[in-house]
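Reader: I should like to go through this model with its author and ask on what grounds each term is applied.

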Amino acid sequence: TMAVYFSPARPAVLSDAQSTASVFTVTGSTSGGTTSGVTLVAPSASYSFKVFAFSLQTTALASSVWRFTNGGGSETELWRGLATEATTTSVAKGSNMAVAPPGFIFATGTSVTLALKSDTGSLVHYSVSYRKESA
């Protein structure tokens, strides 16, 4: 059953006693990610990560494509989060997307790394919210 509690002093709290999911957020900055990607979330045995929100922001001059992958040499691309064009002026640009859980934008699969990869070494600021769900 789903219970919703409202109070003027705090936000709504949602709970579901039948859920096996937990919600997490990773955030940071990186200019790596050109070889096997930057690991955002290490694999967790018997769990998959279902991303329901992300934000990618950069001021890079170089053209780049930032992709969410499973990391490693034989990567699987999970989602293209941000593509930028080459420019001569450093201007903030980015991509944001979110859906209401339990919906999700993409999932990693069971026991798989979530990585962020680019074809350039441009600086990117990221925030990713995901549910960790048992298989």
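**Grounds for the terms used**

Author: The chain has zero helices and eleven strands, and this is a predicted model. From the N terminus on, the elements run β-β-β-β-β-β-β-β-β-β-β.

Reader: What makes Thr-58 count as buried?

Author: Buried means under 20% relative accessible area. Thr-58 has 3% relative accessibility, and therefore counts as buried. The residue lies in strand β5. Not counting residues up to four places away in sequence, Thr-58 touches Leu-82, Thr-84, Val-91, Ala-92, Lys-93, Leu-123 and Val-124.

Reader: Which backbone atom lies 2.5 Å from a polar atom of the side chain of Thr-58?

Author: That atom is the backbone oxygen of Leu-123. The cut-off for a polar contact is a pair of N or O atoms within 3.5 Å, so a distance of 2.5 Å satisfies the distance condition.

Reader: Why is Ser-46 called partly exposed?

Author: The term covers values between the buried limit, under 20%, and the exposed limit, over 50%. Ser-46 has a relative accessible area of 45%, and is therefore partly exposed. Ser-46 is found in the loop between β4 and β5.

Reader: How do you know that Ser-111 is partly exposed?

Author: The relative accessibility of Ser-111 is 36%, so the residue counts as partly exposed by the limits of 20% and 50%. Ser-111 is placed in the loop between β9 and β10.

Reader: What is notable about the phi values of these two serines?

Author: Phi of Ser-46 is near 70°, a positive value in a residue other than glycine. Phi of Ser-111 is near 60°, likewise positive in a residue other than glycine. Most residues other than glycine have a negative phi.

Reader: Which peptide bond is cis, and what is its omega?

Author: The cis bond joins Pro-101 and Pro-102, with omega about 15°. Pro-102 is found in the loop between β8 (93-98) and β9 (106-107). Most peptide bonds are trans.

Reader: What makes a set of residues a nonpolar core, and which have the most contacts inside the largest one?

Author: The members must be buried residues of nonpolar kinds such as Leu, Phe and Val, joined through side-chain atoms within 4.5 Å. The largest such core has 19 residues, and those with the most contacts inside it are Leu-40, Leu-56, Phe-68, Leu-114, Leu-116 and Val-128. Among the elements that give two or more residues to this core are β5 (47-58) and β11 (124-134). Of the 135 residues of the chain, 36% count as buried.

How values were computed. Residues numbered from 1 in each chain as written. Predicted model: local features only at pLDDT ≥ 70, side-chain atom pairs only at ≥ 80, totals over all residues. Heavy atoms only, no water. Buried < 20%, exposed > 50% of the residue type's maximum accessible area, 1.4 Å probe, protein only. Helix = DSSP H or I, 4+ residues; strand = E, 2+ residues; numbered from the N terminus. Polar contact = N/O pair within 3.5 Å; in protein donor to acceptor, adjacent residues only side chain to side chain. Contact = heavy atoms within 4.5 Å.
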